[in-house]
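Hi everyone, thanks for letting me take this slot. I'll walk you through one structure, starting with a single residue and working outwards, so have a look at the screen.

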Amino acid sequence: MKDSDSITPVKVEDDMHRFKFKPTATVVLMSLAFASLLAGARVEAVAVDNGLARTPPMGWNSWNKFGCNVSEQLIKEIADAMVSSGMKTAGYQYVNIDDCWQVSRDASGKIVADPARFPNGIKGLADYVHSKGLRLGIYTDAGTMTCEKRPGSLDHEAQDAKTYAEWAVDYVKIDWCHTEGLDPRKQYEKFRDALAVCGRPIVFSICNWGRNQPWTWGPATGNLWRTTGDIQDKWASVLKILDNPSQQHPESAGPGAWNDPDMLEVGNGKMSDLEYRSHFSLWAIMAAPLIAGNDIRTMSQATKDILMNSEVIAIDQDAAGRQGTKIHAEGGLEVWSKPLKQKGATAVALFNRSDAAADITCKWSEVGLGAGKAKVRDLWAHADRGVVADGFKANVPSHGVVMLRVMVGK
Ligand code: GAL
């Protein structure tokens, strides 16, 4: 078989090629080999072609706020609130149950949902979530047990993938607790192959906390892969994730395949609204999955204004799928930028980590826009800032961000 029989190069960006292939192990390996031949040492973004997550997935997950306290009742109420709060209209699609929904396996090895907490089973819940125009996500672990010691999927990969498809599940997050002696790449490839033949398109979220460089094998394996340990509802945790050396691998991200710096803590109460705004803005600049982790049934107007800022969401969801990066940093004052699909357009975040308000300047030349004039839009003030030559300066509050959409021209 010639390479060209199974691999169609898909031009996504001038400087980036991705490869379309059938998601079988052999073809994936061939594609990877072919991609690395073309790419030399550079890691290329090669997306698993299940047609899903062409922009970073948006949704909600139970873990950050509710931990093990999950139930059918909670998930139904969250699905209702996704619609009534406007989250669904803003683009949030997946309602994801994290750890603790499962209790045992039956005689045939099939995974069993907690009958007291999920009286209508996962299929009943999926039907409800689908009736709201939303999608259902579920959670398992690649090892013998989940992190909360529920049954894991080791040696049940194919059976579990089939069960999820039978239950009409749309998204699966696969964790990495209790995996002593296992190789993450191999284990996650087993799930990829099982999901490819389970009969239903299912978004595949890899959660091994950035171990074994998932940004190198993740793109050909799943739709998103965690790059760091767990986020906490603390400013220091947001900074730790942004500074984690394993965090930035923009070359691996693109339609269908995303670095995942973990779910959002926006609205969970231990950071200021200004800090949540920065957290959300930086996640959008990084083209991160936007998976809310708060109680959306009771969220404040300030939280809604952050999670449903359509101008910032549009940056995250930009069709080019480019992950933004830090352009420069000086004494806690940072400039980040993300190239957008529209020619001459880029998103910029002026981010102040210091303890006092400060001026931050972004020069057009440093974000790839040349030295001429550019139109500036402030995405939190929802206001145009005119056509500005050379660059833009703003006074940014401590722990705050000014986020801009900049477009070359008059
Ligand atoms: C961690 C994971 C969290 C959450 C938790 C559940 O390993 O990173 O996001 O899923 O397990 O036990």
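Okay, let's start with Asp-295, which sits in the loop between β12 (290–292) and α12 (301–307). Before I go on, keep in mind that this is a predicted model.

So, is Asp-295 buried or exposed? The cut-off for buried is under 20% relative accessible area. Asp-295 has 12%, so Asp-295 counts as buried. And what does Asp-295 touch, if we skip residues up to four places away in sequence? The answer is Lys-65, Phe-66, Ile-78 and Asn-268.

Let's stay with loops for a bit. Asp-262 is in the loop between β11 (258–260) and α11 (273–285). Asp-262 is buried because its relative accessibility is 2%. There's something else to notice about the backbone here: Asp-262 isn't a glycine, and still has a positive phi of about 95°. Why bring that up? Most residues other than glycine have a negative phi.

Then there's His-178, in the loop between β8 and α8. His-178 isn't a glycine either, and its phi is positive too, about 50°. With 23% relative accessibility, His-178 is classed as partly exposed. You'll find another positive phi, of about 65°, at Ala-168, just after α7.

One more loop residue: Gln-342, between β14 (333–339) and β15 (345–352). Gln-342 comes out as partly exposed, at 41% relative accessibility. Which residues does Gln-342 contact, leaving aside neighbours within four places in sequence? Those are Arg-405 and Met-407. With Arg-405 there's a polar contact between the two side chains, at 3.0 Å. Also, Gln-342 and Ala-320 are 22 residues apart along the chain, and their C-alpha atoms are separated by 8.5 Å.

Now for helices. Find α7, residues 157–166. Its buried residues are Glu-157, Asp-160, Ala-161, Thr-163, Tyr-164 and Ala-165. It helps to remember that an α-helix has 3.6 residues a turn, so residues three or four places apart point the same way. What covers the buried residues of α7? The cover includes four strands and a helix: β5 (102–105), β6 (111–113), β7 (135–141), β8 (171–175) and α8 (184–196).

Another helix to click on is α10, residues 235–243, which is where Ser-237 sits. Ser-237 is buried, with a relative accessible area of 6%. Not counting residues up to four places away, Ser-237 touches Asp-230, Ile-231 and Gln-232.

Hang on to Asp-230, as it brings us to the ligand. The ligand is surrounded by 13 residues, and the closest are Asp-98, Asp-99, Lys-173, Asp-175 and Asp-230. What kinds of residues make up that shell? Six are nonpolar, seven are charged, and none are polar.

Let's look at some distances to oxygen atoms of the ligand. In the side chain of Lys-173, an N or O atom is 2.8 Å from one. For Arg-226, an N or O atom in the side chain is 3.1 Å from a ligand oxygen. And Trp-209 has a polar side-chain atom 3.1 Å from a ligand oxygen. How much of the ligand does the protein bury? On its own the ligand exposes 310 Å², and 96% of that gets buried by the protein.

Next, the nonpolar cores. The largest one has 88 residues, and the members touching the most other members are Trp-60, Trp-101, Ile-122, Phe-280 and Trp-283. Pick out Trp-101 on your screen. Beyond its neighbours within four places in sequence, the contacts of Trp-101 include Val-70, Phe-118, Ile-122, Ile-138 and Trp-167. Tyr-164 is also one of the contacts of Trp-101, and we've already met Tyr-164 among the buried residues of α7. There's also a second, separate core of 19 residues, with Trp-364, Ala-374, Phe-392 and Val-396 among them.

Last, let's zoom out. The protein has 410 residues, and 56% of them are buried. You can count 13 helices and 20 strands. If you take the contacts with a separation of 6 or more, 70% of them are between residues 24 or more positions apart. And the accessible surface is about 16,200 Å², with 51% of it belonging to carbon and sulfur atoms.

That's my tour, thanks for listening!

Note on methods
Residues numbered from 1 in each chain as written. Predicted model: local features only at pLDDT ≥ 70, side-chain atom pairs only at ≥ 80, totals over all residues. Heavy atoms only, no water. Near = heavy atom within 4 Å. Polar contact = N/O pair within 3.5 Å; in protein donor to acceptor, adjacent residues only side chain to side chain. Areas by Shrake-Rupley, 256 points an atom, 1.4 Å probe, with all protein chains shown as cover. Nonpolar A, V, L, I, M, F, W, Y, C, P; charged D, E, K, R; others polar. Buried < 20%, exposed > 50% of the residue type's maximum accessible area, 1.4 Å probe, protein only. Helix = DSSP H or I, 4+ residues; strand = E, 2+ residues; numbered from the N terminus. Contact = heavy atoms within 4.5 Å. Core = buried A, V, L, I, M, F, W, Y, C linked by side-chain atoms within 4.5 Å.
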